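User: I'd like a close look at one part of this protein: the end of one helix and the loop that comes after it. Could you start there and then work outwards to how the helices pack?

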Amino acid sequence: MVVTKNITFPRILPFALYMAFIGIEELLRYLTSKGMVNVSTDDLLYLYPIKIAVVGLSLIVLWPRYDELKALDLSRIPHTAASVLIGIVVFVLWINMDWAFATFGTLQGYNPLTIGDDTLRNVLIGSRLLGAVIVVPIMEELFWRSFLIRYVIRPEFSEVPIGRFTWLSFLVITVLFGLEHNLWLAGMMAGAAYNILLYYTKSIAQCIIAHAVTNLALGIYVLQSGQWKFW
């Protein structure tokens, strides 16, 4: 049990920190709507770089504990090509699945162009891209496809090989990954795609690449199109 806790904590903590910041943002929005505090939409933008810094630092500190992250996996060209392809496909589907019935609430979006100062605006854009392309894919893939998808199969998840398939774990992670996002149906699509990639490659590193490609393409699309709701 002690061993299980020791290997569980590093895979949960970064995700928990990320979700805690989302909770803080929603609380501030609620308190502002009730007139209890006065936090503007622009003020909330500054939470993101803080969130990414905290989560990123936790990943750096805990990095030696992630023995499932193997750079050698990326040398398998067919697997890496599949990861890039799936990342692009998920992006294309994502921006076309923003149907009203498949959306939780109103998409707040992240629009740093409302900040007048050029330097601050560029810092916010850079932190958003850094978080989306590097921090978030690592943090989420460690939680969803290294830890939780195996934990559903067996609580002693480290004894379950990376990429083992069961219908229960596939469906549970697909649904929960979708419910984590405002675009819940697009989230389920992405969760299923990354799960399938995991079964094919048996690699968390490849899932991170696919996730990063999706988020990079989405970031470029948002900056070029001004469709801030996708951010």
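Analyst: Let's start in the loop between α7 and α8 (204–225), which is where K202 sits. Bear in mind throughout that this is a predicted model. The backbone does something worth a look here: phi of K202 is near 55°, a positive value in a residue other than glycine. As for its surroundings, K202 has a relative accessible area of 46%, so it counts as partly exposed.

Step back one residue and you are in helix α7, where T201 lies. T201 has a relative accessible area of 6%, so this one is buried. Who does T201 touch? If you leave aside neighbours within four places in sequence, T201 is in contact with H79 and Q206.

The H79 contact takes us to a helix pair. Helix α4 (residues 77–94) and helix α7 (residues 184–201) pack with their axes 10 Å apart, at an angle of about 170°. An angle over 145° counts as roughly antiparallel, so α4 is roughly antiparallel to α7. On the α4 side, the contact is made by P78, H79, A82, S83, I86, V90, L93 and W94. The α7 side brings A186, G187, M189, A190, A193, Y194, L197, Y200 and T201, so T201 and H79 both belong to this contact. Sorted by character, the residues of the contact of α4 with α7 come out as 13 nonpolar, four polar and no charged.

There's a second helix pair to set beside that one. The axes of helix α5 (residues 118–153) and helix α6 (residues 167–179) come within 9 Å and cross at roughly 140°. That angle makes α5 oblique to α6. The crossing of these two is right-handed. From α5, the contact uses E140, W144, R145, L148, I149, V152 and I153, while α6 supplies L168, S169, V172, I173, L176 and F177. Here the residues of the contact divide into ten nonpolar, one polar and two charged.

While we're in α5, have a look at R150, which lies in that helix. Is R150 buried or exposed? Its relative accessibility is 8%, so R150 counts as buried. Not counting residues up to four places away in sequence, R150 touches E68, F157, S158, V160, P161 and I162. You can also use R150 to get a feel for distance along the helix: the C-alpha atoms of R150 and L129, which are 21 residues apart along the chain, are separated by 29 Å.

Now zoom out to the whole thing. The protein chain has eight helices and zero strands, so reading along the sequence gives the pattern α-α-α-α-α-α-α-α. Its C-alpha atoms fill a box of roughly 50 × 40 × 35 Å, taken along the principal axes. The radius of gyration is 18 Å, and a compact globule of 231 residues would be near 17 Å, so the two agree. Buried residues make up 46% of the 231 residues, T201 being one of the buried ones. Finally, among contacts between residues at least 6 apart in sequence, 75% join residues at least 24 apart.

Conventions. Residues are numbered from 1 along each chain as its sequence is written. This is a predicted model: local features need pLDDT of at least 70, side-chain atom pairs count only at pLDDT 80 or more; totals for chains, interfaces and linings use all residues. Side-chain values use heavy atoms; hydrogens and water are left out. Axes are lines fitted to C-alpha atoms, for helices over the stretch in contact, and angles run from 0 to 180 degrees between N-to-C directions. Helices (H or I, at least four residues) and strands (E, at least two) are DSSP runs, numbered from the N terminus. Angles under 35 degrees count as roughly parallel, over 145 as roughly antiparallel, 65 to 115 as roughly perpendicular and the rest as oblique. A crossing is left-handed if the near helix is turned anticlockwise from the far one by less than a right angle, and right-handed if clockwise. Contact means heavy atoms within 4.5 Å. Ala, Val, Leu, Ile, Met, Phe, Trp, Tyr, Cys and Pro count as nonpolar, Asp, Glu, Lys and Arg as charged, and the others, Gly among them, as polar. The radius of gyration is taken over C-alpha atoms; the globule rule is 2.2 Å times the number of residues to the power 0.38. Buried means under 20% relative accessible area, exposed over 50%, partly exposed in between (1.4 Å probe, protein chains only).
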